[in-house]
Amino acid sequence: FSGVTGDLELVYRIAASTRLQLNGERTPGFSLSVGSIYYVNENYGLRFIRYFNRFLGGEASYLLGNLTFPGAVGVNEGREDDYRIAEIGLRFRVAQDEMGRTTEYNLTLQNYVRESNVEGQDRSRTTLYTGATFGF
């Protein structure tokens, strides 16, 4: 692979309890796909986070991305996948120390849709997941 790669994250604090976050990424990865040893993932997204009080917050995000398989030959030649990820969730802040470090848990509903120009590669799924953040 030859090209520019990187990650971008910009966060704008609208108010003390509200943030707007812009993300972007262009990274290569190894592929298990037939006829291609790697892919390039390009995506960008927007996330809105709002805390209703000291302990409870909500978030919503939308991400658009593209997977390109530049080394593909034969079966997946010229393969390109476009994907979308929409999320909505709750954040639960359970602890905060005197230095401002927090412990948070989240519950998130995610919808993922992938559309490919190769037959049989389209995917769609909805997932409910939990997560945790410590020390930030």
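## Starting with Gln110

Let's begin at a single residue: Gln110 sits in strand 6, which covers residues 102–116. Keep in mind that what you're looking at is a predicted model.

Is Gln110 buried or exposed? Its relative accessible area is 15%, and the cut-off for buried is under 20%, so Gln110 counts as buried.

## Who Gln110 meets

Which residues does Gln110 touch, once you skip its neighbours within four places in sequence? Try finding these in the structure: Ile85, Ala86 and Glu87 are one set of numbers to look for, and Arg125, Thr126, Thr127 and Tyr129 are the rest of the list.

Glu87 deserves a second look. Its side chain makes a polar contact with the side chain of Gln110, at 2.8 Å. Tyr129 is another one to pick out: along the sequence it is 19 residues away from Gln110, while in space the two C-alpha atoms are 7.9 Å apart.

## Zooming out to the whole chain

So what is strand 6 part of? The protein has seven strands and zero helices. Read from the N terminus, the order of elements is simply β-β-β-β-β-β-β. The radius of gyration is 18 Å, well over the 14 Å that the globule rule gives for 136 residues, so the protein is more spread out than a compact globule. You can also see its dimensions in the C-alpha trace, which spans about 60 × 30 × 25 Å along the principal axes.

How do distant parts of the sequence come together? Take the contacts between residues at least 6 apart in sequence: 45% of them join residues at least 24 apart.

## Inside, outside and charge

Gln110 has company among the buried residues: 33% of the protein's 136 residues count as buried. As for the outside, the protein exposes about 8,900 Å², and carbon and sulfur atoms supply 58% of that area.

Finally, the charges. There are 14 positive and 16 negative ones in the protein. If you average the positions of each kind, the two mean positions lie 9 Å apart.

Notes. Residues are numbered from 1 along each chain as its sequence is written. This is a predicted model: local features need pLDDT of at least 70, side-chain atom pairs count only at pLDDT 80 or more; totals for chains, interfaces and linings use all residues. Side-chain values use heavy atoms; hydrogens and water are left out. Helices (H or I, at least four residues) and strands (E, at least two) are DSSP runs, numbered from the N terminus. The radius of gyration is taken over C-alpha atoms; the globule rule is 2.2 Å times the number of residues to the power 0.38. Buried means under 20% relative accessible area, exposed over 50%, partly exposed in between (1.4 Å probe, protein chains only). Contact means heavy atoms within 4.5 Å. Accessible areas come from the Shrake-Rupley method with a 1.4 Å probe; for residues, only the protein chains shown count as cover. Lys and Arg count as positive and Asp and Glu as negative; His and the chain ends are not counted. The place of a charge is taken as NZ of Lys, CZ of Arg, CG of Asp or CD of Glu. A polar contact is a pair of N or O atoms within 3.5 Å; within protein, one must be able to donate a hydrogen and the other to accept it, and residues adjacent in sequence count only if both atoms are side-chain atoms.
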